[in-house]
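Work through these exercises with the chain open in a viewer. Try each task before reading its solution.

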Amino acid sequence: MRTVLYNEHARLNAKFTEFNGWDMPLYYRSIIDEHMAVRKHVGIFDVSHMGDITVIGKDASRFLDHMFPTQVSRLQNGECVYTAFLNDDGLMIDDTIVYRMGQDSFFFVPNAGTTDKIYRWVMDHSKGYDVKINNVSNKISSIALQGPQSDDVLAEIGYSYPGYFKFQYADGKYENAITGKDQIIISGTGYTGEKGVEFIIPNEYAVDLWKMLMASISKRGGLPAGLGARDTLRMEKGMLLSGHDFNEDRDPYEASISFIVNNENDFIGKSALEKRKGTDHEIFRGFILSDGIPRPGNPIKIDGKKIGIVTSGTISPVLNKGIALGYIEKAYSKENTQVMIEIRSADHTATVTRPRIVK
């Protein structure tokens, strides 16, 4: 599959890769250049491969309170929240961001590889609720604008920052399948740890907006960025990647996102999650290596004993060192604990950090 921006990426000589069935740009110039452009200046990403599912109806807030460990009904109009779908065993199926558009209308953004699965999951659990659920993913594109100069770019093209985890609407040329109006959604969210927004737009508007953003970021040392930089950026900030850092095998407490569990209602997996909370023996942490570049599957050890496993690994362009995310036994999870990470049969010293490795 290809996003509607595929030809724009090709014109920029992007190096493509297959990602969950999508032909996506891995990088244009280089992963490190694109990474540092976002950290120091500004960058744009095509994230149109992500899903878009709407939930509308008089039972929408009650239904979503049942679906998530986060009490979505607390959201005000124009607010969004990070949360996760749990299965009956309290384990995370996928993480997502939920947006409240109105009293009885919401939408959420599942990951590219899980959109169909999540749509079926939500539909299967909607019986008995007065809600209408639509998967509008094939009608929606999304472009992320990220970096310290993102405000300047927004101002130049006539928009403004809506606030952290808040969103606003702007007039558009084409009907947005999410709102049913000629609107652009501008959301104060992203996957880089930098200030920025994500534009959630009709497919028909994507190319025009991409070109406008390209013209603006180019004046500021900004670059288009591919999946490679998106991955290194999120790893430096300790952000989970669905299907890599969890795959229906971890709960929010293990994954160090216990803050999403604030729902007093009877959400899916609640009783199992409460039991797991007291028995989990591993927790998600970051690691900074003295040398070497870690990869998923590398064992984490102390005195030759395996005490954990790497789930994501790379070299940090900011630190110029290897970094990893992964799970480690709680007894060894304190910050600054020294451990070993085995890479190609050789042990490399690593320091335990919180998941947010680069502060």
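A residue is buried when its relative accessible area is under 20%, exposed when over 50%, and partly exposed in between (1.4 Å probe, protein chains only). This is a predicted model, in which local features need pLDDT of at least 70, side-chain atom pairs count only at pLDDT 80 or more, and totals for chains, interfaces and linings use all residues. Residues are numbered from 1 along each chain as its sequence is written, and side-chain values use heavy atoms, with hydrogens and water left out.

**Exercise 1. Classify three loop residues: serine 256, aspartate 280 and glycine 128.**

Step 1. Start with serine 256. It has a relative accessible area of 24%, so it is partly exposed. Its place is the loop between α7 (227–236) and α8. Helices here (H or I, at least four residues) and strands (E, at least two) are DSSP runs, numbered from the N terminus.

Step 2. List the contacts of serine 256. Contact means heavy atoms within 4.5 Å. Apart from neighbours within four places in sequence, serine 256 contacts Ile283, Phe284, Arg285 and Pro355. Phenylalanine 284 is 28 residues away in sequence, yet the C-alpha to C-alpha distance is 5.6 Å.

Step 3. Turn to aspartate 280. Its relative accessibility is 9%, so aspartate 280 is buried. This residue sits in the loop between α8 and β14 (282–289). Not counting residues up to four places away in sequence, aspartate 280 touches Asp251, Tyr253, Glu254 and Lys330.

Step 4. Finish with glycine 128, in the loop between α4 (115–124) and β8 (132–135). At 76% relative accessibility, glycine 128 is exposed. Its contacts, not counting residues up to four places away in sequence, are Asp59 and Arg62. Phenylalanine 63 lies 65 residues away in sequence and 9.3 Å away in space, C-alpha to C-alpha.

**Exercise 2. Find the buried side of helix α8, then say what it packs against.**

Step 1. Pick out the buried residues of α8 (residues 270–277). They are Lys270, Ala272 and Leu273. These residues cover an arc of only 160° around the axis, so they are on the same side of α8. The arc is that of the directions from the helix axis to the C-beta atoms.

Step 2. Recall the geometry. An α-helix has 3.6 residues a turn, so residues three or four places apart point the same way.

Step 3. Look at the other side of α8. Glu274 and Lys275 are exposed there.

Step 4. Find the packing partner. The buried residues of α8 pack against β5 (80–86).

**Exercise 3. Place strand β7 among its partners.**

Step 1. Check the cover. Five of the five residues of β7 (residues 105–109) are buried. Ser105, Phe107 and Val109 lie on one side, with Phe106 and Phe108 on the other.

Step 2. Pair β7 with β4 (residues 53–56). Two strands pair if DSSP finds at least two bridges between them. Four bridges join β4 and β7, which run antiparallel. Here threonine 54 stands opposite phenylalanine 107.

Step 3. Pair β7 with β6 (residues 92–102). This pairing is also antiparallel, over five bridges. Isoleucine 97 is the bridge partner of valine 109. A hairpin joins β6 to β7 through two residues.

**Exercise 4. Which elements build the largest nonpolar core?**

Step 1. Define it. A nonpolar core is a set of buried Ala, Val, Leu, Ile, Met, Phe, Trp, Tyr and Cys residues joined through side-chain atoms within 4.5 Å.

Step 2. Find the hubs. The largest core has 24 residues, and Leu145, Tyr159, Phe199 and Leu213 have the most contacts inside it.

Step 3. Name the elements. Those giving two or more residues are β9 (140–146), α5 (150–156), β11 (183–187), β12 (196–202) and α6 (203–218). The largest share, seven residues, comes from α6.

Step 4. Follow leucine 145. Leaving aside neighbours within four places in sequence, its contacts include Val42, Ile44, Val153, Phe199, Leu213 and Ile217.

Step 5. Note the second, separate core. It has 22 residues, among them Phe63, Leu64, Val81 and Phe106.

**Exercise 5. Summarise the whole chain.**

Step 1. Count the elements: eight helices and 19 strands.

Step 2. Check the burial. Buried residues make up 58% of the 359 residues.

Step 3. Check the contact range. Among contacts between residues at least 6 apart in sequence, 68% join residues at least 24 apart.
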